[in-house]
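Trainee: I have a structure open and I'd like to go through its contacts with you. Could we take it one topic at a time?

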Amino acid sequence: MSDCHPDGAEVVLRQWAEAINQRDLAAVQRTLHPDYTDDLFNSRETVQDFPWWEGSRAAALWPYVDLAHAIWEVMETEAIVTNLHTSLGNPHVAPVRGTIRLRRTNNEWLVSEYRLIDLHLPDQDEDFKAWKRVTDARNEGVLPEATRTPAAPAGVELNVRIEKNASVPTLHINDRPDSAQMMMCFNPRPNFYRYFAEQNVQWVSFDSTPTAHDWKVVKTVWTGENEFDFSQLDEDMNLLLSENPHAILLPMVFFGTPPWWAEAHPDHVMRYETSQGKLLPVKILGRKVASFISPLWREGCLKALDRYLEHVESQPYGKRIGGYYITGGSGGEEWFQYWGPEGEFTDYSEANLKGFTAWLQEKYKTEAALRKSWGRKDVTFAGTEIPPTYRRREFGGCSFHHPTKDRDILDLMQYTGDVVSGTLELFARHIKKKTGGTKLTGAFFGYINSIASEPREHDSGHLGIPKILKCPYLDFLSSPSAYTQRRPGIGYRKTMGATDSLKLHGKLWWNQMDDRTFRAASMVTDHHEKHLPYPERMAARRRTRLATINSYHGVADSLEETLQAQWAVFAQTLVTSIGNYWFDMQGGWYDDVTLMKTIRQMKSIADLAVHQDRTPIHDIAFVVSSDSRRFSKQNSHLTIYLVEALQYYLGKMGLPYNFYLLEDINLIPPHKLWIFANAFHVTQDQERLIAEKTDGSDVIWFHGAGYVAESEHSLSSASRVTGIQLGLVPEGDFPQIQLLEAPATEGLWGMICGQGEWTLEPGFYVDDPDAMTLGMLTDSFRPGFSVKETPRGRRYFSTVPMMAPGVLRNIARIAGAHVYTETNDTVFANHSFVAVSNTEPGNCLLRLPRQTEVVDVVSGEVLTPRQQQIEFACGPKETRILFLGGEDQWKRGAERTKEP
């Protein structure tokens, strides 16, 4: 293959550059050899100047934008750099790379330069070593095909559903429980699918659309009013099944806006408001997009969905469809309402204004009721407006929206949640009806543990999650792992959703593992270092990558660090009984022998575990209010403190907890300790149910609990809800306390807890003579952390949300919860499994809830005879997964995984 040699690669670059200059899309696609992929490093605003890319998979490059931060600063004005490199998974091609620079000339983009880059001597090139390791292993037969045990052989009709197995909602295929292990890739290449097929990973997801993909990941299907083109869908399906004939397909079905439709319906196009008050259309890669509430867009999408389902279900590959991911909006794969180019609030379209007005009429019935709720005498239904951006951003010296003065903003957030969740329900119901209920439906939705203190916290529509949990047409929800604290040993892996609330409603959470492996990290090239000698260039590239990307996406710097992260996420998903899937984003992230063997091992463990008793440990309930997030102002940092940061400390306390929504308080089973994170607004019914549910248990309340009453901010309401008399500091307080000596703070006297970076307004302190002070506010020396003994149980209040893990561990022990370890390590546990991720190397002392044998499910080693306390060695940042039972009991699960 001549074009696999560096000289051949230069020919490809030259041909591609000439095709771009000539605007010859067909030639562009032809010159991209199938062994090559291309990564476009640039912002989305620049990419939108390429409308002639329409339909080209080579142009669907938005997944790589997050890898571009390191080189944005050195780009020349109005220039684009594209990096072309080989697929390292192809055993016939050595890795070579090239770059093309495009510059705008007379309002046209033309190629100004192309060259090969990073052509090092093979013994110096880490990419070459990685490629050679995979190639040699394949040639030596290190990665033979795994013995597959398909849930249903190819050609057999699938019936897929979620139902309880071993006490938790579990995926079932033709009446057999399945471990819900999946892979997904944005870049369809045979080797990417084949690698995972050989590890017995059957579930596969990929992009498709019945309309158009706003991010241009796949070409437009709905090409005209009654014109549809499914050729690329068929190509993708057949390619996938040629490499994995036993695959169970879960295509992502993106509902976007074809350009011709947007031009025909300008009043239904979404708009955002600039800081100057100007309304502009929202654009994704240069395309205008429709408002989710537009009846014309919804009707058109249903029509296109009919054609899509008819086509898919009639094809031979239709028998391999297990369900459909519903995707759309600004998240690409995630179900978000669109936001503006810099995250501005939306939707200021005519269609949305009409929808908001109709929603208000349905809610209030009369204008008198509307005026009373909004505290405005002049408001009418006909004169309703979408609240302007400056008011929605306003901080105003108070962390909380006022329940009357800001009611229009609060109503808009509730309405947006209804629109986004209602549109999702509309499409899910249609799919269920058309497929006879035999296919799964799901979406990336319910990010209650993420997107804090930014416009999309209030504007995404995800605050409508309580409605979706009650929806009978949605079987599962998904998200990536939370994008904070991902580093092995240092952080704490958590989901973005209230996974235990999903279980209450019989739904599955499917967690996306999109950690950047060391193979993904090696694809990042910092072009401004290209003139340095090779060793210095690699060192500079590593420093820049770690500084700009590692802290957020969890890019691993080595194979060892990659494996640490993979085991940490897998342990979380296994023990919390949620699905897991590997996101090989642009492909090649898992092109490593050891990684593939590890994935095979994980899949085998998951297949065994699904047959064991996975009843959750009902000791600690962590409860978050979706509704209360409407009352926290965008820049208040309340959600960061009380939801995201607090969970880090909970995750390090040495025992597990369950994550629920306050809106499900009537369904939550009894727990020994209840932690209400952000219960600013508690309805009368919720207050009554909380009192009933927590009777006889201990409760921790935090800053602002109960402060937002029905029509005002009320300190008396906060005192009534928490059961502790509180005081108010109107000018605010730094959320920092110094611990005093008490049983709850044993061994931690004098420690400073909390953050002094931001002031929370107003501030709260404990002003109750019957309460014991556990910590004093450092700036005002008032009680900021106290406990009160009541006939119903202990009631704690802390104005500081970030409590030390040791304090939480002490409070849990006092409440009667079982503490697994006294060190600040992450512990996940259910009736049959315990997983421990440690921070420092050394011996781990684990106290078990009962006397039992213990099997290390990774090594197969029996760690102890029948005992209740075990000690074992742990390496740095290591994760251990233990089965609480005998070796025979663990292995019996293997018999259940075999086909009858």
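Trainee: Let's start with a helix, then: what do the buried residues of α10 pack against?

Mentor: Keep in mind that this is a predicted model. In it, the buried residues of α10 pack against α11 (367-374) and α13.

Trainee: Which residues of α10 are buried?

Mentor: The buried ones are A351, N352, G355, F356, T357, W359, L360 and Y364. When you look along a helix, remember that an α-helix has 3.6 residues a turn, so residues three or four places apart point the same way.

Trainee: How far does α10 reach from its first C-alpha to its last?

Mentor: With its 15 residues, α10 reaches 21 Å, which is close to the 21 Å expected at 1.5 Å a residue. Just after the helix you can find K365, which takes a positive phi of about 70°.

Trainee: Changing topic to charges, how many salt bridges are there in the whole structure?

Mentor: A search of the whole structure finds 34 salt bridges. One of them joins D306 and K434, where the closest N and O atoms are 3.6 Å apart.

Trainee: And which parts of the chain does the pair of D306 and K434 tie together?

Mentor: D306 belongs to helix α9 (residues 295-314) and K434 to helix α13 (residues 407-434), so this salt bridge ties together parts that are 128 residues apart in sequence. As for its surroundings, K434 is partly exposed, with a relative accessible area of 46%.

Trainee: What about K503 and D500, where do they lie?

Mentor: Both lie in helix α16 (residues 499-504), three residues apart, which is about one turn of the helix. Their side chains meet in a salt bridge at 3.4 Å, taken from N to O.

Trainee: Is K503 buried or exposed?

Mentor: K503 counts as buried because its relative accessibility is 14%, and the cut-off for buried is under 20%. Its partner D500 is buried too, with a relative accessible area of 8%.

Trainee: Then is E789 buried or exposed?

Mentor: E789 counts as exposed, at 59% relative accessibility. It forms a salt bridge with R794, with the closest N and O atoms 3.5 Å apart, and R794 is partly exposed at a relative accessible area of 24%.

Trainee: Which residues are linked in a network of salt bridges?

Mentor: Such a network links R376, D378, R391, D406 and D408.

Trainee: On to the rings: how many aromatic pairs does a search of the whole structure find?

Mentor: The search finds 36 aromatic pairs. Among them, F292 and Y338 form an edge-to-face pair, 5.7 Å centre to centre with 75° between the planes. This pair links distant parts of the chain, 46 residues apart, with F292 in the loop between β18 (287-288) and α9, and Y338 in the loop between β19 (323-327) and α10 (350-364). Both F292 and Y338 are buried.

Trainee: And how do F444 and Y581 pair?

Mentor: F444 and Y581 are also edge-to-face, at 6.5 Å centre to centre and 85° between the planes. F444 is in strand β20 (residues 440-444) and Y581 in strand β23 (residues 579-583), 137 residues apart. F444 counts as buried at 0% relative accessibility, and Y581 counts as buried at 0% as well.

Trainee: Which residues do ring pairs link into a cluster?

Mentor: The cluster consists of W203, Y325, F444, F476, W510 and Y581.

Trainee: Last one: what lies over the face of Y765?

Mentor: That is R782, which lies at 4.8 Å from the ring centre.

Terms used:
Residues are numbered from 1 along each chain as its sequence is written. This is a predicted model: local features need pLDDT of at least 70, side-chain atom pairs count only at pLDDT 80 or more; totals for chains, interfaces and linings use all residues. Side-chain values use heavy atoms; hydrogens and water are left out. A salt bridge is a side-chain nitrogen of Lys or Arg within 4 Å of a carboxyl oxygen of Asp or Glu. Helices (H or I, at least four residues) and strands (E, at least two) are DSSP runs, numbered from the N terminus. Buried means under 20% relative accessible area, exposed over 50%, partly exposed in between (1.4 Å probe, protein chains only). Rings of Phe, Tyr and Trp (its six-membered ring) pair if their centres lie within 6.5 Å; planes under 30 degrees apart count as stacked, over 60 as edge-to-face and the rest as tilted. A charge sits over a ring if NZ of Lys or CZ of Arg is within 6 Å of the ring centre and within 35 degrees of the ring normal. The expected span of a helix is 1.5 Å times one less than its number of residues. Contact means heavy atoms within 4.5 Å.
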